[in-house]
Amino acid sequence: MCGIVGYIGAQDASEVLVEGLKTLEYRGYDSAGVAILAEGGLDRRRAEGKLRNLSKRLKEAPLAGTLGIGHTRWATHGKPNETNAHPHRAGGVAVVHNGIIENYAALRQELQADGAVFTSETDTEVVAHLVSHFRAQGLDLQASVAASIERLEGAYAIAVVDEAYPDEFIAARESSPLILALGDDENLVASDLPAVLAHTRKVVFLQDGDLVRVTRGEAQIFAEGALVERPVKRVDWSPAAAQKGGYKHFMLKEIFEQPRAVTDTLTGRLGRGGEVHLEHFDLEALKGIQHISLVACGTSWHAALVGRDLIESIAGIPVSVEYAHEYRYRRHIFGPGDAVIGISQSGETADTLAALGEVKARGVRVGAITNVMESAVARLSGDSLGVIYTHAGPEIGVASTKAFTTQMVSLHLLAVGIGRTLGTLTVEEATAELEALRHLPHWMEQALEGASQVAELAPWASEFDNYLFLGRGNLFPVALEGALKLKEISYIHAEGYAAGEMKHGPIALITEHFPTVALVGSDDLKAKVVSNIEELKARGGPVLIVASEGDEDLARIADQLVLVPEVPERLQPVIYSLPMQLLAYHVADFLGTDVDQPRNLAKSVTVE
Ligand code: AGP
């Protein structure tokens with residue numbers, strides 16, 4: 001996720017910006033840059049890779065000035081290289097931006113027709129050209145930014161400088177965080193608190209629709225064109241706590257970030273009339289498809305199981321789900337109707353990469369679902385079917401959370417896209433699927449709110465050494481993922497099973513010391529799972545039930561009952577994953593393990 005810092009004061013702006021950006025490094029980035037307003041005008045330095053590369057550039061060619069904007073970029077539109085690094089410039093205007101401009105392609109065309117020359121592949125550059133366009137029409141800087149954001153669709157936090165305005169800069173936000181920090185004869189904006197704590201503890205959390213004019217002595221906030229007052233808060237967090245947004249661990253922060261992450265996965269992709277826009281993925285190339293293999297490891301493999309159900313039921317195409325490490329060594333019989341799609345958060349998992357590479361070499365169409373732009377699997381698939389980026393933002397906790405939910409949502413989009421491309425899904429059916437997805441972030445927020453009771457279960461749940469996780473249908477993969485989460489970070493042994501399989505063996509384990517987490521969906525399989533739970537209770541096994549609101553009566557057979565909002569059946573896996581993640585987190589935290597970096601595990605497994 002990108003980082004923004006804007007500064008105006010008496011200090012050397014490039015130093016302040018680079019120091020501020022360093023505190024945002026935890027967000028992940030692949031290039032960085034600053035634009036400084038000095039006596040000689042506006043100038044910028046940008047560099048691919050880490051901030052030390054930018055510092056080196058600044059050392060070789062310093063930029064003196066006390067007003068500037070800086071950025072660390074996590075690539076979403078265009079490769080992670082210097083040309084695409086922010087700030088982006090148009091005439092005397094420079095802009096840094098976080099978020100995604102949904103209508104950038106249309107705006108770019110319009111501006112090009114008007115004579116604008118673009119130099120990057122980014123969505124951000126349209127903002128610089130828009131502001132420059134309004135400036136050329138005679139509007140002042142503030143009015144130009146206000147007029148520009150009127151034209152933007154999507155999510156943004158921006159900071160804008162103009163060489164004709166050496167004593168101010170303008171910032172604005174919509175659906176992307178931005179704070180204003182008030183110092184002594186210096187003021188800053190930043191996408192996150194750590195970047196400003198070395199200067200001041202007085203901050204304003206800007207709201208959606210806010211535009212702020214920042215000078216050395218003051219900052220004026222405008223909403224819908226009118227000057228507004230926003231409460232100034234005093235922040236006492238340490239820089240380390242601030243990086244985690246006040247949460248105790250990155251994992252917990254990432255769990256609560258999921259409604260936002262899923263919104264980003266959906267942004268720009270839900271078309272009118274049931275169309276799905278997958279900007280880097282060639283749906284047309286799937287014409288004539290007869291079978292898809294989804295290849296992945298770990299949590300991504302669990303997402304693939306959910307994806308199988310989605311693609312088969314929505315698009316009517318048979319799907320196999322494969323462990324990449326097994327798949328790469330099997331002998332496959334491919335036909336012309338085959339396609340293979342790799343799913344990998346990091347895009348660097350050695351097994352997934354090798355499996356995709358082997359099938360691609362045999363002439364099979366390959367695609368990828370990944371969170372990391374220009375990662376190895378993305379590059380490998382780029383000239384074949386292409387890539388669906390999950391847009392979850394960097395995931396720092398080793399245990400996947402937001403990567404999982406955004407993978408499932410990406411697979412849902414893919415399923416609808418295939419269904420429409422092949423004509424197996426009507427416009428009405430596709431529209432209904434997309435409408436449900438549009439509501440998903442809201443249901444996720446409700447689920448996270450409701451599941452806060454899970455924290456209170458931790459002392460009880462931490463008593464046991466073994467767990468069974470049960471689910472059926474599309475909640476079976478969630479049971480597998482719930483068990484994986486628990487074992488990864490709490491080191492408690494847990495196994496996920498399809499509930500119907502229990503009587504074929506695992507039930508032998510059940511005693512009053514062997515609990516089960518049972519996922520009860522509000523679907524056709526509900527009565528069957530309830531019968532499975534009755535069988536457990538008859539053997540004295542403790543049961544924690546996760547069910548949908550309306551199923552309060554299940555309390556009669558539950559030792560613990562957690563309720564989530566009732567949602568359309570295909571969205572259940574995303575919603576039920578949230579209490580699974582919280583259960584694992586709170587048990588691990590209660591036991592005092594290293595939640596973000598559990599023993600023996602690496603974030604990305606780049607060896608076989
Ligand atoms: C999940 O919590 C794990 N960190 C792990 O299972 C992970 O999903 C697996 O290693 C695959 O990683 P990838 O998605 O980056 O390919």
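Q: Which strand holds Asp 162?
A: Helices (H or I, at least four residues) and strands (E, at least two) are DSSP runs numbered from the N terminus. Asp 162 belongs to strand S7, which covers residues 154-162. The model is predicted, so local features need pLDDT of at least 70 and side-chain atom pairs pLDDT 80 or more, while totals for chains, interfaces and linings use all residues. Residues are numbered from 1 along each chain as its sequence is written, and side-chain values use heavy atoms, without hydrogens or water.

Q: Is Asp 162 buried or exposed?
A: Buried means under 20% relative accessible area, exposed over 50%, and partly exposed in between (1.4 Å probe, protein chains only). Asp 162 has a relative accessibility of 4%, so it counts as buried.

Q: What does the side chain of Asp 162 make a polar contact with?
A: A polar contact is a pair of N or O atoms within 3.5 Å; within protein, one must be able to donate a hydrogen and the other to accept it, and residues adjacent in sequence count only if both atoms are side-chain atoms. For Asp 162, the partner is the side chain of Arg 135, at 2.5 Å.

Q: Where is Ile 101, and which residue is paired with it in a C-alpha distance of 5.9 Å?
A: Ile 101 is in strand S6, residues 93-101. With 0% relative accessibility, Ile 101 counts as buried. The C-alpha atom of Ile 101 is 5.9 Å from that of Asp 123, although 22 residues separate the two along the chain.

Q: How many residues and how many Å separate His 412 from Gly 337?
A: Along the sequence the separation is 75 residues, and in space it is 21 Å from C-alpha to C-alpha. His 412 is part of helix H13, residues 402-422, and counts as buried at 2% relative accessibility.

Q: What is general for phi and for peptide bonds?
A: Most residues other than glycine have a negative phi, and most peptide bonds are trans. In this model, the peptide bond from His 86 to Pro 87 is cis, with omega near -5°. Pro 87 is placed in the loop between strand S4 (67-73) and strand S5 (88-90).

Q: Where is Glu 224, and what is its phi?
A: Glu 224 is in the loop between strand S13 (219-223) and strand S14 (226-228). It is not a glycine, yet its phi is positive, about 50°. Glu 224 is exposed, with a relative accessible area of 85%.

Q: What is the phi of Tyr 491?
A: Tyr 491, also not a glycine, has a positive phi of about 65°. Its loop runs between H16 and strand S22 (493-498). At 28% relative accessible area, Tyr 491 is partly exposed.

Q: Which residues around the ligand come nearest?
A: A residue is near a molecule if one of its heavy atoms lies within 4 Å of it. Here 14 residues surround the ligand, and those that come nearest are Ser 300, Ser 344, Gln 345, Ser 346 and Thr 349. Helix H9 gives the most to this shell, with 3 residues.

Q: Which ligand atoms lie at 2.6 Å, 2.4 Å and 3.0 Å from protein N or O atoms?
A: An oxygen atom of the ligand is 2.6 Å from a side-chain N or O atom of Ser 344. An oxygen atom of the ligand is also 2.4 Å from a side-chain N or O atom of Thr 349. A nitrogen atom of the ligand lies 3.0 Å from a backbone N or O atom of Val 398. The elements giving two or more residues to the shell are helix H9 (298-315) and helix H16 (476-490).
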